[in-house]
Each structure stands twice: as C-alpha cells, then as structure tokens.
Amino acid sequence: MKVFKGRIVAPGNVTAEAVVSHAGLNTLASFQGALQFGDKKATCGDQNNPDLYNKQMAGKALCLPQTIGSTTGGLVLYCACAMGRQPAAMLFSMPIDSLAGAGVVIADVWLNDEKAKMVVVDSLGEEFLNYVKDGMSLTVKEDGTVEVN
Amino acid sequence: MVLTNEQQAILNGEKGETLAKVMETVVRYGELFGAEKLVPVTSKYNHLVTSFGLKMMTPVFDLMQQLIDAGVVSEQKFSADPRPLDPNVPQNLLQKIVFNVAMYSKQDFYEGQLQTLGLMDKNAFTCACYLDQVANKPQKGEVLSWAESSAVVYANSVLGARCNRNSGIIDIMGSIVGYVPYFGLLTDEGRKATWVVEIKTTKKPEAQLLGSAIGMKVMEDVPYIKGLDAWLGDELNDAACSYLKDFGAATASNGAVGLYHVDNLTPEAKELGESLIAEGAKTYVIDDAELQRIYDSYPVIWKNKDAKPKLCFMGCPHMSLEQLKSWTVRLEDSLEAAGNKKVVIPTVFTSAPAVIEEFNKTEYAARLKATGVILSYICPLMYMNNPLSKSMPVITSSNKLRTYTTARYYTDEEILEKITKGVK
C-alpha cells in the first residue's frame, strides 16, 4: 500500500476502483454520453483520450491531472452529480482547475442529495499519477489521504 | 476571503436565501483558488456558454428557475452561445425528430428562461459575441464574468479584458452578484507567460493547427508567442483578428488556454513586451515538422475512414464578416478552376445572427448563395453531438469541432479543395 496526501476540495470517505487519465480530462467530450444519451455508467466518449476512451467513469475513482476544454465543464460535472452519474471520487495530481472547481462548488452548494456526492482531492502530485493504475483500489479519507492498494 | 460589508450582508442572507447561495457559490469558487477578495464586474454585457435546451440538462434549468422564482437576476444583460437548431441545415427526417423531440425539446423553454434572466436581444446567440456586429465587445482592462472558452481567450488576449475561464453557471452567478473572485487571469501575475513559443515555420501556420499544438503543449498555462507577427503583421486588423479567433479557440479546446500573448501584436505584448515572460518559462519550438506531427496525430474515428463526406461545417467558432467575404471569393475562384458551379459536398458556414444580417446587406451574400453554401447561425457542435450525426462523415477545418465530435479535420486549403473539386 502506498499513501498520498492532497488538499481536500470536497471531503468524504470512499473506496473505489481507479480509472486513470494521464492527459487532461476534457469534461464535455468525456461526459456527453452520460448526459445526452442516458449512459448511466458515464462511459468516456473522448476520442482524444486513449487512457479513458470507452471506460466507465461513474462510481470510479477518477485520477487525472486537471480538466480541459469547454467552459461547459463545470455545469457538465454539476449535471453528472445531479443525475447520479458522477465518479465516486475525482483525484487531481495538480491543483484543481477553474472549470472542475466550479462544478464541484456548484454541486455542493445547490444539490442537497447524498446520491450527488463526489469526493474531491487535488494537489496529489505527479508521483501519484505515475503510480496509480486502472483497477487499483483507492481509499480516500476525509483528511485528503489517498491509500492505493 | 475578505468581503466588504455589502458582500458579507448578501452572504448572510440579508437580501434573500437564493442570492446568499449565489454569493456562497462565487466566494467558495474564489477561495478554492486562493482569491482574497471579490472585484466588481465592469463590462457592459456578460456572456453565457449555455444556450441549448437539451432535455438532459434539466438540473441546469431547475437551477435557473430557482433564480427566476426568487427574482435573482442580473442587472447586466448578456449574449449566449449559438442555438443548437436551424431548419436550414441539412437533416434527414430521423434527425429532425431526434433533434426537435428527443434532444432539444426544452429549447423554447430555456430561451424563455434566458430572456427572463437578461438576454440582450432575442437573437443574441453566438460564441463570437465580441464581433463588432454583435456589440458585446469589452474594452481593455474591463473585468468580465464570461464563460465560453473561445470567447474568454479572445477577450483576454486580443481585447486585453480580464476574465478567468469560468464555467457555465458561474458566469451568470458572478454577473448576478456583480463581483468575481480576484485570482488567475484577473491578476498581473496570472497574466505572465510561463511558456515561450517560437514559430519557425516556412509558411503562415494554419491557425487551427497552431492553436491545437500550443494548447496540447501548454495546457492551461499562458504562452508568449514569438515569430507569429512575421505572418500576421503588427496591426490587429480584421484578418489578424479572424486568425486569432480561430487560433485561440483551438488553444482553448485542445488545451485549456485562457490567455496568450503574441509578440508585437496583442495589446499587452505591445505594451509590455517580453517583461510579460515569467522567470523560468519553458520553450516550445514549432516548425513545419511539428505541425505535421500534430496533424498526423489526430485520430480518424469514422467507421469507414474512406467514406465520402456528407457534410462540411465551417465556423466553429462563428465566422467573422471578413471571413464570410474572403471565403466567398475563395470559393468562387476554386469552383471556377474546377469547372463547377456549386460546392460538391453540402457545406454550412456558421456565423452570428447579427453578422449574417450585415453580410446579407452586401453583394457577397448572393454570390455565396450561388456557390450552394448554406449560411446558418447554428452551433455545429450541438448539431454533431448525437448518435445520428456522430455516424455521419463530416469534415471541418475547426479544431474545436474535431475535438468534441467525430468530425474530421482538414486544413482550410484542403477543405476548399474537397468542397469545390470533390474528394480524391
């Protein structure tokens, strides 16, 4: 087991299977299937992201550097949370970007629903993203600790 | 974050619970990025990224309705991104049903919400709101609460306004409270370049390809670009602005660029020069081979890679008046050379309603129509984002459209060749 410590953006305790994107996550391109076509697994639809393309994101521990692309990104994340199709956790190696940050804050302030919950930790470091692999079990704790098993 | 008495009173709920939640959202958003204060929004108009009445966006409509019901609307009017539907754009019967009944059935409802919330004009739908004809063009130094990645990067870079890459919803919330958190691209420090990009190509680089290369390399950092003025000149004329519009959109969609400086051309680079480059900035050299490498790296995800294109989209972001005119001439010349009267692939040019209105007053309008090109206000991205369009072989010279959809990218010259002479 290896332990990483980051900054808490949205606190919580959760254990989930890792899916890893080494490139920036294009939120709109990745979640459009989940929002538009009723894909409850939130299968990643971003053709430009070979790490994640066609993989399930809902309920997973999504490990990424940052999000990129359209400024719909925050509201896309907000909608994914409202519809219960969000990852169980989003774990950023870098400081969170303005789009993902907005989505997390909007969901937290405006959605009062346990099903919409998503744990978010950022600034976990480059080593975290190099170490973690698809399928690993990740336990995220309230203090921003991430245990990789 | 230190708030003024007025801001704290709003946060405390003295002006109602809903406005307090709006303020809480803006404050917490800022705190996430270390903002120590809120600063006033000073632009005349705002711009929103959400324009589409997509059925599945119900959580957004519900949130907007909460604002409307509580009377929490902005004093600042706004433009919004393009409409997702236009009956003039080719669509088969199944697409018509899917677009109007299944996907965008909430379009009229949402446009009604936008008008209640402060849409500046019933046709103020474009991603290129900063074009002269649309009249939402901020001044240098003004503080914005905009979203729409291509508009934000243009406002920051070409106009010298100050705006972070705000998300949809945050855009309207900043405008409602009249303040945005002071961090990132609002600060002098955040506007410094941490990359120096050296252009060493043997010809004028394709705007959308160059933007893609830089976006993918620098991600959300600020690049200072040297050598591009050799191709664009040192004046922000119509042609240079159109180039930078398309270039910027590619940096913002292929990466997350919110601001770039072009040496000797963009306002802050002209004023402050290389003092904008941060200590320890990294260097990225772009030559012909690098652009070719980027071009070759794009995946082609058509089922049949050799399929004959069924549609061509130009104008993501929306085309400027200058582009509509210059493309009309290019089309005419190329069609004449090919011995064709009309384009051989159904082609849609997209632009802002206000630009189309102005274009229609010129002699070019009839000439463009004669080439067979359809002129539309649609958002090509929204047209493409469904299983029916996804399976269509669509071509484009927009790197933004390529990034978000199955559309296949070609350079402007290649597009011209294909739509006027046919696919080889």
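# Why these names? A tour of two chains

Visitor: What makes the β11-β10-β9-β12-β13 group in chain B a sheet, and how do its strands pair?

Guide: This is a predicted model, and in it five strands line up in the order β11-β10-β9-β12-β13 of chain B to form an open sheet with parallel pairing. Two strands count as paired if there are at least two bridges between them. Take β9(B) and strand β10 (residues 347-351) of chain B: four bridges join them, so they pass that test. One of the matches is M319(B), whose bridge partner in β10(B) is S351(B).

Visitor: What makes β11 (374-376) and β13 (408-409) of chain B edge strands?

Guide: Each of them pairs on one side only.

Visitor: Which helix lies across this part of chain B?

Guide: Helix α19 (residues 412-421) of chain B lies across β9, β10 and β12 (394-396), and it runs at about 140° to β9(B).

Visitor: What is unusual about the bond between C316(B) and P317(B)?

Guide: That peptide bond is cis, with omega at about 10°. Most peptide bonds are trans. P317(B) sits in strand β9 (residues 311-319) of chain B.

Visitor: And how do you know that β6(B) and β7(B) are paired?

Guide: Strand β6 (residues 223-226) of chain B shares two bridges with β7(B), and the strands run parallel. The cut-off is at least two, so that's enough to call it a pair. Look for I225(B), which stands opposite V262(B) in β7(B).

Visitor: What is the strand order in that sheet?

Guide: It's an open sheet of four strands, β7-β6-β5-β8 in chain B, with parallel pairing. β7 (261-262) and β8 (277-286) each have a single partner strand, so one side of each has no neighbour in the sheet. Helix α8 (residues 207-218) of chain B packs on the sheet, where it touches β5 (193-199), β6 and β8 and makes about 130° with the direction of β8(B).

Visitor: Over to chain A. Why are α1(A) and α2(A) called roughly parallel?

Guide: The axes of helix α1 (residues 27-36) and α2(A) cross at roughly 30° and come within 10 Å. Angles under 35 degrees count as roughly parallel, so these two helices get that name. Their crossing is left-handed. In the contact, T27(A), L28(A), F31(A) and L35(A) of α1(A) meet residues of α2(A) including V76(A) and L77(A). By class, this contact has seven nonpolar, two polar and no charged residues.

Visitor: Then why are α2(A) and α3(A) called oblique?

Guide: Helix α2 (residues 73-82) and helix α3 (residues 98-110) of chain A cross at roughly 40°, with axes that come within 7 Å. That angle isn't under 35 degrees, and it falls short of the 65 to 115 band for roughly perpendicular, so oblique it is. Here the crossing is right-handed. Among the residues that meet are Y78(A) and C81(A) in α2(A), and I106(A) and W110(A) in α3(A). The contact has eight nonpolar, three polar and no charged residues.

Visitor: What makes S123(A) stand out?

Guide: Its phi is near 55°, a positive value in a residue other than glycine. Most residues other than glycine have a negative phi. You'll find S123(A) in the loop between β8 (119-122) and α4 (126-131) of chain A.

Visitor: How much area do chain B and chain A bury between them?

Guide: About 3,700 Å², 64% of it on carbon and sulfur atoms. In chain B, L32(B), M56(B) and Y404(B) lose the most area to chain A.

Methods
Residues numbered from 1 in each chain as written. Chains lettered and ligands numbered in written order. Predicted model: local features only at pLDDT ≥ 70, side-chain atom pairs only at ≥ 80, totals over all residues. Heavy atoms only, no water. Axes fitted to C-alpha atoms, helices over the stretch in contact; angles between N-to-C directions. Parallel < 35°, antiparallel > 145°, perpendicular 65-115°, else oblique. Left-handed = near helix turned anticlockwise from the far one by under 90°. Contact = heavy atoms within 4.5 Å. Nonpolar A, V, L, I, M, F, W, Y, C, P; charged D, E, K, R; others polar. Buried area = accessible area lost by both parts, 1.4 Å probe.
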